[in-house]
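This report looks at aromatic ring pairs and at the burial of selected side chains. The model under discussion is a predicted one.

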Amino acid sequence: MSEPPPFSPTVALLTVSRVWDAAFADALKPLGLTTRKYGLLGHIRGSAGISFSELARRSRITVQSAHTAVAAFVEAGLVEDATAHAGAASTLRVTAAGESLLNRAADVVADLDAQFAAQHPELTEALRAYMARITSTRA
């Protein structure tokens, strides 16, 4: 029998991430959201007036995919585009219905965070410290 591979923090983090990404996706599903849609709505809420190009860049998707997603949000009443005509710069913002949906999603995130912290307290603190470190060096 061959020896097991050495411990890899990268592989371990990816494994943990996949487990919790699946839990996150399952928890968002009843709200009609996917992880990507949640992220897109969050970017629009966090940057009112964001352009399609900037939304695509932040979300790591194509501008065409951003247009498709936003069109679905507009149709669902979650986002409005104040200048939705060809050739004009868009001014995207989340509607009251979009805010309500994001608030319900925040409750889902809080529940998952509590579960994660209870199951992995040391990892939670390590991640908190890591995020504090990388965000303070950007400032």
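## Phe24 and its ring partner

Phe24 has a relative accessibility of 15%, and because buried means under 20%, this residue counts as buried. Its ring pairs with that of Tyr38: the two centres lie 5.5 Å apart and the planes stand at 80 degrees, and since planes over 60 degrees apart count as edge-to-face, the pair is assigned to that class.

The pair formed by Phe24 and Tyr38 links distant parts of the chain, with Phe24 in helix 1 and Tyr38 in helix 2 (residues 35–46), 14 residues apart. Tyr38, at 23% relative accessibility, counts as partly exposed, whereas Phe24 is buried.

## The pair between helix 1 and helix 5

The count of aromatic pairs in this predicted model comes to 2. Trp20 and Phe116 form an edge-to-face pair, with 5.1 Å from centre to centre and 75 degrees between the planes. This pair too links distant parts of the chain, as Trp20 belongs to helix 1 (residues 9–28) and Phe116 to helix 5 (residues 96–119), the two being 96 residues apart.

Trp20 counts as buried at 15% relative accessibility, and Phe116 is likewise buried, with a relative accessible area of 14%.

## Ser59 in helix 3

Ser59 is found in helix 3, which covers residues 52–59, and with a relative accessible area of 15% this serine is buried. When residues up to four places away in sequence are not counted, Ser59 touches Arg36, Leu40 and His43.

Technical notes: Residues are numbered from 1 along each chain as its sequence is written. This is a predicted model: local features need pLDDT of at least 70, side-chain atom pairs count only at pLDDT 80 or more; totals for chains, interfaces and linings use all residues. Side-chain values use heavy atoms; hydrogens and water are left out. Rings of Phe, Tyr and Trp (its six-membered ring) pair if their centres lie within 6.5 Å; planes under 30 degrees apart count as stacked, over 60 as edge-to-face and the rest as tilted. Helices (H or I, at least four residues) and strands (E, at least two) are DSSP runs, numbered from the N terminus. Buried means under 20% relative accessible area, exposed over 50%, partly exposed in between (1.4 Å probe, protein chains only). Contact means heavy atoms within 4.5 Å.
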